[in-house]
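Trainee: I've got a chain open here and I'd like to talk it through with you. Can I fire off some questions while we both look?

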Amino acid sequence: MRSYDFAPLYRATVGFDRIADLMDRALTSDVAQPTYPPYNIEKTAENAYRISIAVAGFTPDELAVEVKDGALHVGARKAADESDRTYLHRGIATRAFERRFALADHVRVTGASHEHGMLHIDLVRETPEALKPRRIEIAAGSPAPKAIDAVETPVEA
């Protein structure tokens with residue numbers, strides 16, 4: 001596998017640290033990404049998304065969803081099974097897990113629901129007014145230069 005050096009990107013740009021960090025993490029991850037539990041990410045509207053995670057065997061009390069440091073953290077801890085059950089086959093995995101999803105700027109979590117063994121997390125991208133495109137009116141003729149008032153300060157001898 002080829003290794004990329006992003007040092008020139010850091011010293012030649014300002015404000016793109018998060019993008020460079022994301023690319024660096026994606027390209028230099030030596031450890032294989034866990035595949036448990038399986039999940040889907042779908043686009044439900046122009047600026048809306050849904051992450052669906054298969055969490056069969058977990059109750060809503062055993063699941064945790066939180067947003068911190070620009071990432072969505074989803075985790076689960078199963079309480080110790082103290083029953084005297086004897087399994088002939090145990091195929092439903094209820095092991096503890098933690099999944100992280102990097103969130104883009106201006107994406108926020110609007111809610112989470114648990115139904116039929118699936119955890120659904122809804123997200124929405126909200127672009128601030130300052131970043132939305134705006135139309136600039138073009139004035140006819142040349143604009144008059146603004147006068148600058150000079151303030152005189154007394155000079156002491």
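Trainee: What does the secondary structure of the protein chain come to?

Mentor: Bear in mind that this is a predicted model. From the N terminus on, the elements run α-α-β-β-β-β-β-β-β. Add up the secondary structure and you get 2 helices and 7 strands.

Trainee: How much of the protein chain is buried?

Mentor: The chain has an accessible surface of about 13,200 Å², and 53% of that belongs to carbon and sulfur atoms. Of the 157 residues, the buried share is 18%.

Trainee: Take contacts between residues at least 6 apart in sequence: what share joins residues at least 24 apart?

Mentor: Val65 and Ala112 make a handy example of a long sequence gap, being 47 residues apart along the chain with C-alpha atoms separated by 8.1 Å. That pair is a C-alpha distance, though, and the share you want is counted over contacts. For the protein chain, it is 51%.

Trainee: Which residues have the most contacts inside the largest nonpolar core?

Mentor: That core has 16 residues. Strands S2 (48-54), S4 (71-76), S5 (97-102) and S7 (118-125) are the elements that give two or more residues to it. The residues with the most contacts inside are Ile53, Val74 and Phe97.

Trainee: Let's stay with Val74. Which residues does Val74 touch, not counting those up to four places away in sequence?

Mentor: Two of its partners, Ile53 and Phe97, share with Val74 the distinction of having the most contacts inside the core. Val65 is another partner, and the contact list of Val65 itself includes Leu72, His73, Leu119 and Ile121 as well as Val74. The full set for Val74 is Ile53, Ala64, Val65, Phe97, Glu98, Arg99, Phe101, Leu119 and Ile121.

Trainee: Is Val65 buried, partly exposed or exposed?

Mentor: Val65 has its place in strand S3. Its relative accessible area is 35%, and buried would need under 20% while exposed would need over 50%. So Val65 is partly exposed.

Trainee: And Glu62, is that one buried or exposed?

Mentor: Glu62 lies in the loop between S2 and strand S3 (63-68). Leaving aside neighbours within four places in sequence, Glu62 is in contact with Gly57, Gly75, Ala76, Arg77, Lys78 and Ala79. Its relative accessible area is 18%, which falls under the 20% cut-off, so Glu62 is buried.

Trainee: Over to the second largest pocket. Which strand gives the most to its lining?

Mentor: About 250 Å³ of space lies in that pocket. S2, S5 and S7 each supply at least two residues of the lining. With 3 residues, the one that gives the most is S5.

Trainee: How do the lining residues of that pocket divide into nonpolar, polar and charged?

Mentor: Among the lining residues are Ile41, Tyr49, Phe101 and Leu123, along with Arg100, Asp105 and Arg125. Sorted by type, the lining comes to 9 nonpolar, no polar and 3 charged.

Trainee: Val107 is in that lining too. Is Val107 buried or exposed?

Mentor: Val107 is found in strand S6. Past its neighbours within four places, Val107 is in contact with Leu123, Val124 and Arg125, and its C-alpha is separated from that of Glu126 by 6.3 Å. At 19% relative accessibility against a cut-off of 20%, Val107 counts as buried.

Trainee: Now the backbone oddities. Which residues does a cis peptide bond join?

Mentor: Most peptide bonds are trans. Here, look in the loop between helix H2 (17-28) and strand S1 (39-45), where Pro37 has its place. With omega at about -10 degrees, the cis bond joins Tyr36 and Pro37.

Trainee: What is phi of His106 near?

Mentor: His106 lies in the loop between S5 and S6, and at 40% relative accessible area it is partly exposed. Most residues other than glycine have a negative phi. Phi of His106 is positive, near 70 degrees.

Trainee: Last one: is His116 buried or exposed?

Mentor: His116 lies in the loop between strand S6 (107-115) and S7, with a positive phi near 55 degrees. Its C-alpha is separated by 9.0 Å from that of Val55, 61 residues apart along the chain. At 78% relative accessibility, over the 50% cut-off, His116 counts as exposed.

Conventions:
Residues numbered from 1 in each chain as written. Predicted model: local features only at pLDDT ≥ 70, side-chain atom pairs only at ≥ 80, totals over all residues. Heavy atoms only, no water. Helix = DSSP H or I, 4+ residues; strand = E, 2+ residues; numbered from the N terminus. Buried < 20%, exposed > 50% of the residue type's maximum accessible area, 1.4 Å probe, protein only. Contact = heavy atoms within 4.5 Å. Areas by Shrake-Rupley, 256 points an atom, 1.4 Å probe, with all protein chains shown as cover. Core = buried A, V, L, I, M, F, W, Y, C linked by side-chain atoms within 4.5 Å. 1 Å grid on protein atoms, 1.4 Å probe; cavity = no way out; pocket = protein on both sides within 12 Å on 5 of 7 lines; lining within 4 Å. Points joined across faces, edges and corners; volume = space filled by probe spheres on them. Nonpolar A, V, L, I, M, F, W, Y, C, P; charged D, E, K, R; others polar.
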